[in-house]
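Visitor: Please take a close look at the charged side chains of this model and at how they are paired, and then set them in the context of the rest of the chain.

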Amino acid sequence: MVVPHHPRGARLARHRLADELTGVVPPDLLADLVAVLAELVGNAVRHAEPLPGAVVRVAWRVGPAAAGAASVQIRVTDGGAVATPRIRAAGPTAADGRGLHIVAALADRWGVERDGLGQSVWAEFSAATPGGVGPDVVAAGLSAAGSGAGTLTGPVDA
């Protein structure tokens, strides 16, 4: 999906993700996904240039992962920034600087990819089947969230 390169873009992305993945992933995982997506879109708006059209592209994919687990991958693509996104030190009184700490704490892994058009920051999550997402739920999630806006069509971590 495409959202405005504006703070309201994070709200639009959060709501769309929650709408599409409610019932597809466990509620605690969904809460983590929403928090990370909000941080990544917020960072794109604060620190990066927009894509053409003054937008940021947001995508996610639900799919099978390692044995007995499912994975969710989120990607936020913007027009790039001078500095590559990285975790930075933030003192107790700092007004900002904690966003990627939150991403690193909630996601299984995350990273940054750059190309000639901009940069993408991605995060990957998994949910174990016991009490988590089973193969039948993953299949339902793939058919519900597997095509159209909000869905990745390629690998998240190339």
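Guide: R75 and E113 form a salt bridge in which the closest N and O atoms are 3.0 Å apart, the term being reserved for a side-chain nitrogen of Lys or Arg within 4 Å of a carboxyl oxygen of Asp or Glu. This pair links distant parts of the chain, since R75 lies in strand β3 and E113 in strand β4 (residues 109–115), 38 residues apart. Before going further, please keep in mind that this is a predicted model, in which local features need pLDDT of at least 70 and side-chain atom pairs count only at pLDDT 80 or more, while totals for chains, interfaces and linings use all residues. Residues are numbered from 1 along each chain as its sequence is written, and side-chain values use heavy atoms, with hydrogens and water left out.

The two partners fall into separate accessibility classes: R75 counts as buried at 11% relative accessibility, whereas E113, at 22%, counts as partly exposed. Here buried means under 20% relative accessible area, exposed means over 50%, and partly exposed is what lies in between, with a 1.4 Å probe and protein chains only. Helices (H or I, at least four residues) and strands (E, at least two) are DSSP runs numbered from the N terminus.

A search of the whole structure finds three salt bridges. Another of them joins R109 to E124, with 2.9 Å between the closest N and O atoms. This pair, too, links distant parts of the chain, R109 being in strand β4 and E124 in strand β5 (residues 118–128), 15 residues apart. In this case the arginine, R109, is partly exposed with a relative accessible area of 36%, and the glutamate, E124, counts as buried at 14%.

The side chains of E20 and R16 also meet in a salt bridge, at 2.7 Å from N to O. These two residues are separated by about one helical turn, because they stand four residues apart in helix α1 (residues 7–21). E20 has 19% relative accessibility and so counts as buried, while R16, at 28%, counts as partly exposed.

Strand β3 (residues 69–78) also holds a charged residue that stays unpaired, namely D78. D78 is buried yet has no salt bridge, and the nearest side chain of opposite charge, that of R114, is 6.9 Å away; in this count Lys and Arg are positive and Asp and Glu negative, with His and the chain ends not counted. What the side chain of D78 does reach is the backbone nitrogen of G80, at 2.8 Å. With neighbours within four places in sequence left aside, D78 is in contact (heavy atoms within 4.5 Å) with A44, A48, E49, L51, L117, G118 and Q119.

One of those partners, A44, is listed among the buried residues of helix α2, together with others including L30, L33, V34, L37 and V41. Helix α2 (residues 27–47) has 21 residues and reaches 30 Å from its first C-alpha to its last, close to the 30 Å expected at 1.5 Å a residue, where the expected span is 1.5 Å times one less than the number of residues.

Several of these α2 residues bring us back to helix α1, in which A18 lies. Apart from residues within four places in sequence, A18 is in contact with L30 and V34, and its C-alpha is separated by 8.5 Å from that of L33, 15 residues apart along the chain. A13 is likewise in helix α1, where it counts as buried at 0% relative accessibility. Residues up to four places away not being counted, A13 touches M1, V3, L37, V41 and V58.

Turning again to strand β5, W122 is found there and counts as buried at 7% relative accessibility. The C-alpha atoms of W122 and G111 are separated by 5.5 Å, although the two residues are eleven apart along the chain.

As for the setting of these pairs, the protein chain has four helices and five strands, which follow the pattern β-α-α-β-β-α-β-β-α along the sequence. Of its 158 residues, 43% count as buried, and among contacts between residues at least 6 apart in sequence, 66% join residues at least 24 apart.

Notes: A polar contact is a pair of N or O atoms within 3.5 Å; within protein, one must be able to donate a hydrogen and the other to accept it, and residues adjacent in sequence count only if both atoms are side-chain atoms.
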